[in-house]
Amino acid sequence: MTADEVTGAGDRVLPLLSDSGNRRLLTEWVEEHPSYEFVDLQGTIEETPFDVCILDSEAFEEHLPGLRAKKAAATPVVLPYLLLLEESDPEIIDLDGGELADNVVTESIDEIVTMPIQQAELQWRLAALLRLREQSLTLRQRGRDLEQQVDLFERAQDIADVGGWEYSPQTDELTWTEKVYQIHDLPKDAELTAETAIEYYHPEDRDTIREAFWGAVEDAESYDFDIRLVTDEGDQRWVRTRGEPYYEDGEVASVRGTIQDITDRKENERAMQQARDQYRTIFEASNDAILIIDPDADEVVATNSQASALFGYDRGALLDDVSPQAIYGGDEDQFREFVDEVFDSGEGWTDELTCTRRDGRHVPAEISASTIEFEGRSCLLASIRDISTRKESERELRRVSQAVEASAHAIFITDPDGTITYTNPAFEEITGFSREEAVGKTPDILNSGAMHDGYFGEFWTTIRSGEVWDDEVINRRKDGETFTAHQTVAPVTDGDDEIEAFVAVQTDITERKQHERRLQRQSRAIDEAPIGISISDPTGADNPMIYVNDAFVEITGYPREDVLGRNCRFLQGENTDSERVARIRDAIDAQEPVAVEIRNYRKDGTEFWNHLEIAPVRNAQDEVINYVGFQQDVTERRERHQQLETIDRLLRHNLRNDMNVIRGRAELIHSESSGDVAELAEKIIDVSDGLLGMARKERAIAKVLLEDPVQAETPIEPVLQRVVSTIESDHPEATIAVESPEAVTVRATAQFEEALAELVENGVVHNDSAAPEVTITVTRSDGSTHIDVADTGPRIPEMEQNILEEATERTPVYHETGLGLWFAKLVVTRSGGTITVTENTPAGSTVRVTFHE
């Protein structure tokens with residue numbers, strides 16, 4: 001045993017590290033370890049005894065010749081080298097060092113570990129390498145013992161008294177030497193026959209030895225084989241037994257033989273075979289495809305099953321038919337360049353390449369290769385790993401990273417202690433804290449102080465137990481402003497379910513919360529409104545109602561459960577006006593608003609007048625998603641209107657009759673008199689005409705007020721033509737100019753033409769010129785239609801302009817004239833428009849009627 005093989009209290013570890021800091025740490029660790037003995041370099045590598053060497057890339061390159069010589073000198077004993085490789089230093093990589101078969105011995109590194117490395121990992125890697133060394137020492141010792149036993153056995157055979165026996169067929173006597181008794185664990189005085197001796201062999205081998213022994217006795221056939229023996233103490237041994245017949249006078253006089261205990265040899269052979277099987281198992285069980293390539297012969301000389309799975313060829317095809325260039329897609333120059341790099345490096349090489357399968361599919365792969373001696377040839381040992389999944393994971397990681405960076409949600413990551421390690425750009429946009437300001441801090445920088453005392457305790461308890469936290473939180477931005485966020489925090493665990501980090505996603509929902517509060521207020525307002533409100537769903541069958549407020553229930557007498565899910569037509573009855581129902585139906589079919597007073601029926605059957613307004617509700621795509629209805633019981637007002645209408649008809653009838661009588665008598669006086677009497681009679685006639693005209697206007701106003709406004713699409717141009725034609729016919733001295741684009745329409749009631757005529761005629765009859773001028777101009781801007789009626793006469797008196805001012809205070813002594821302007825305003829307003837008066841230049845007034853879309 002050499003000095004290199006002598007072991008003391010611990011395994012000798014030689015650290016060869018160029019980095020002084022790493023060397024110091026490793027030295028301290030080895031010296032403190034109870035199982036290891038620190039060894040320093042004593043001159044050269046060859047002169048320094050050690051059991052395992054730990055080195056880095058610079059030391060490896062510096063001591064390469066000595067390391068190779070040292071390993072070669074130790075053969076067949078394994079002298080393991082452990083290479084600590086910086087993650088960023090791919091220059092020296094030699095994987096799968098060690099023995100692949102009986103005659104394959106590594107000339108390079110036995111194990112490569114990427115730094116940094118934990119002590120626990122260094123411990124088990126060193127232990128694994130030292131076990132390999134110990135096994136190789138044991139195997140070599142067993143081999144030496146076996147050689148010695150064989151030598152002794154051969155010497156024993158030279159002398160007849162070592163493990164010998166003899167059997168005489170004539171006397172049936174079996175004679176053993178002392179060694180044979182020892183092999184059988186029998187005392188020397190044990191009496192045995194041939195058959196009882198055969199019984200000591202293993203049950204499965206007895207027939208074999210029996211047939212051979214009696215074959216020698218009866219047929220003079222020699223035998224020599226290894227067989228199992230069970231001793232008298234029950235131990236199983238392997239023995240080599242030989243039998244040779246001896247003749248006298250042409251007959252078998254005796255059978256002589258030897259027996260040798262070969263249990264140790266068999267154990268050694270079994271161990272050697274087990275080692276071969278282990279190496280073969282490792283070779284076959286590797287998750288990587290392994291090829292042993294003879295680059296000179298351009299052939300694969302050994303392969304495992306994973307290679308067949310990767311390339312799509314069976315093992316026979318890989319060994320006999322496929323060129324090694326297949327690992328580089330058939331590119332001979334690229335393959336040769338790779339081989340040269342491996343051989344030139346002298347140790348190992350790793351590269352990424354694209355393999356081509358038998359079916360033509362390309363597979364990204366990582367290949368690690370080194371040079372070995374295999375069956376007397378310099379070969380390339382290549383370990384090829386399919387990295388399709390890794391590449392896809394890398395792509396997926398890039399996609400996820402890009403998605404996180406581009407996300408509009410604030411995303412940040414903390415370590416298990418809550419220290420922020422990452423924030424995305426949206427985090428800064430929402431919170432105001434930059435990545436540099438947030439990393440290294442805790443989420444407490446967002447604490448607004450608005451959450452209840454137990455909130456954060458419950459939060460940390462939840463996520464540290466491995467559960468996901470999902471809740472709202474009030475945070476504070478960097479500028480001090482608070483905001484509401486919806487926060488989801490999830491733990492990130494490793495393979496052992498240990499929490500490595502927490503990922504938080506926050507969405508700023510401040511506007512949504514404000515909107516929800518507005519909706520809540522609106523909902524309360526609708527629920528508590530003093531008028532009936534209903535909402536229907538036009539997407540449902542028969543446009544059913546899906547909501548009614550308390551006032552609707554109170555007005556109609558129907559409880560909600562009787563209403564929801566039904567069309568509101570159940571409120572109609574036998575006296576409901578079918579024309580008004582048709583107006584409602586037509587408006588809904590046209591997806592337009594409608595207002596109507598209609599006779600409805602309560603649940604108890606009583607009638608009531610319902611002032612009903614229905615409007616469509618549209619979404620962002622301008623699609624009608626609901627109809628909202630407003631119901632108001634106007635039965636009392638309707639009755640008052642009917643009473644006023646009766647009084648109005650009575651007064652108008654009496655006034656018209658009386659005024660006609662007065663006017664008739666005034667005309668008679670005027671015709672029969674002259675002078676002052678005739679003038680006074682003429683004034684009576686004028687006043688009578690004015691009062692009759694005022695009565696007609698009052699009747700028109702009353703009609704508008706008593707009827708439901710029904711709006712319809714009204715073309716402007718034909719209305720203007722009729723109005724101008726009528727007024728020019730009544731007032732031929734007037735000039736009326738019209739400026740209007742074609743195809744302009746507005747939604748207005750049926751009285752709109754009459755109201756427009758009133759405005760134009762007002763500009764003519766109140767003009768003090770002998771040739772009055774009125775200009776009508778129609779324009780469109782910003783979705784609105786404007787109709788301007790401009791005259792050149794005296795401006796409209798302030799008292800009459802006040803008719804148009806909604807805010808003008810009405811008092812009991814407030815008197816207004818200008819019923820025509822009042823009528824026009826009433827019609828325009830009920831048509832959904834507005835009417836204003838401005839001064840014209842240089843004289844007169846301009847009345848503007850505006851309709852908004």
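Q: Helices are DSSP runs of H or I with at least four residues, strands are runs of E with at least two, and both are numbered from the N terminus. With that settled, where is glutamate 86?
A: Glutamate 86 is in strand S4. This is a predicted model, where local features need pLDDT of at least 70 and side-chain atom pairs count only at pLDDT 80 or more, while totals for chains, interfaces and linings use all residues. Residues are numbered from 1 along each chain as its sequence is written, and side-chain values use heavy atoms, with hydrogens and water left out.

Q: Is glutamate 86 buried or exposed?
A: In between: glutamate 86 counts as partly exposed because its relative accessibility is 38%. Buried means under 20% relative accessible area, exposed means over 50%, and partly exposed covers the range in between (1.4 Å probe, protein chains only).

Q: Which charged patch does Glu86 join?
A: A negative one on the surface, with Asp19, Glu58, Glu61, Glu62, Glu86 and Glu87. Patch residues have over 30% relative accessible area and no salt bridge; like charges are joined within 9 Å, and nonpolar side chains (Val, Leu, Ile, Met, Phe, Trp, Tyr) within 5 Å. The areas come from the Shrake-Rupley method with a 1.4 Å probe, and for residues only the protein chains shown count as cover.

Q: And which element gives the largest share of that patch?
A: Helix H2, residues 57–62, which contributes three residues.

Q: What about positive charge, which residues form a patch?
A: Arg517, Arg518, Arg521 and Arg524 form a positive surface patch. Lys and Arg count as positive and Asp and Glu as negative, leaving out His and the chain ends. Each charge is placed at NZ of Lys, CZ of Arg, CG of Asp or CD of Glu. Arginine 517 belongs to helix H16, residues 510–527, and counts as partly exposed because its relative accessibility is 41%.

Q: While we're in helix H16, what do lysine 513 and glutamate 516 do?
A: Their side chains meet in a salt bridge, 3.6 Å from N to O. A salt bridge here is a side-chain nitrogen of Lys or Arg within 4 Å of a carboxyl oxygen of Asp or Glu. Both residues lie in helix H16, three residues apart, or about one turn of the helix. Lysine 513 is buried, with a relative accessible area of 19%, and glutamate 516 is partly exposed at 27%. Elsewhere, Glu195, Glu199, Arg206, Asp207 and Arg210 are joined into one network by salt bridges that share partners.

Q: How many salt bridges are there by that rule?
A: The count comes to 58. One of them pairs the side chains of arginine 23 and aspartate 40 at 3.0 Å, N to O. Arginine 23 is in helix H1 (residues 20–32) and aspartate 40 is in the loop between strand S2 (36–38) and strand S3 (52–56), so the bridge ties together parts 17 residues apart in sequence.

Q: Nice. What does lysine 391 pair with?
A: Glutamate 352, in a salt bridge of 2.9 Å, N to O. Lysine 391 sits in helix H12 (residues 388–406) and glutamate 352 in strand S13 (residues 348–356), so this pair ties together parts 39 residues apart in sequence. Glutamate 352 is partly exposed, with a relative accessible area of 40%.

Q: Switching to the core, what does leucine 380 touch?
A: Leaving out residues up to four places away in sequence, leucine 380 touches Leu291, Ile292, Ile293, Pro295, Phe338, Val339, Val342, Phe343, Ala369 and Ser370. Contact means heavy atoms within 4.5 Å. Leucine 380 lies in strand S15, residues 377–386, and counts as buried because its relative accessibility is 0%.

Q: Backbone next: which peptide bond before proline 76 is cis?
A: The one from threonine 75 to proline 76, with omega near 10 degrees. Proline 76 is in the loop between helix H3 (64–74) and strand S4 (81–86). Methionine 115 and proline 116 are also joined by a cis peptide bond, with omega about 0 degrees. Proline 116 lies in the loop between strand S5 (111–115) and helix H4 (119–158).

Q: Last one: what is phi at aspartate 497?
A: About 65 degrees, a positive value although aspartate 497 is not a glycine. Most residues other than glycine have a negative phi, and most peptide bonds are trans. Aspartate 497 is in the loop between strand S19 (482–493) and strand S20 (499–508), and counts as exposed because its relative accessibility is 61%. Aspartate 542 also has a positive phi, near 65 degrees, in the loop between strand S21 (532–536) and strand S22 (545–548).
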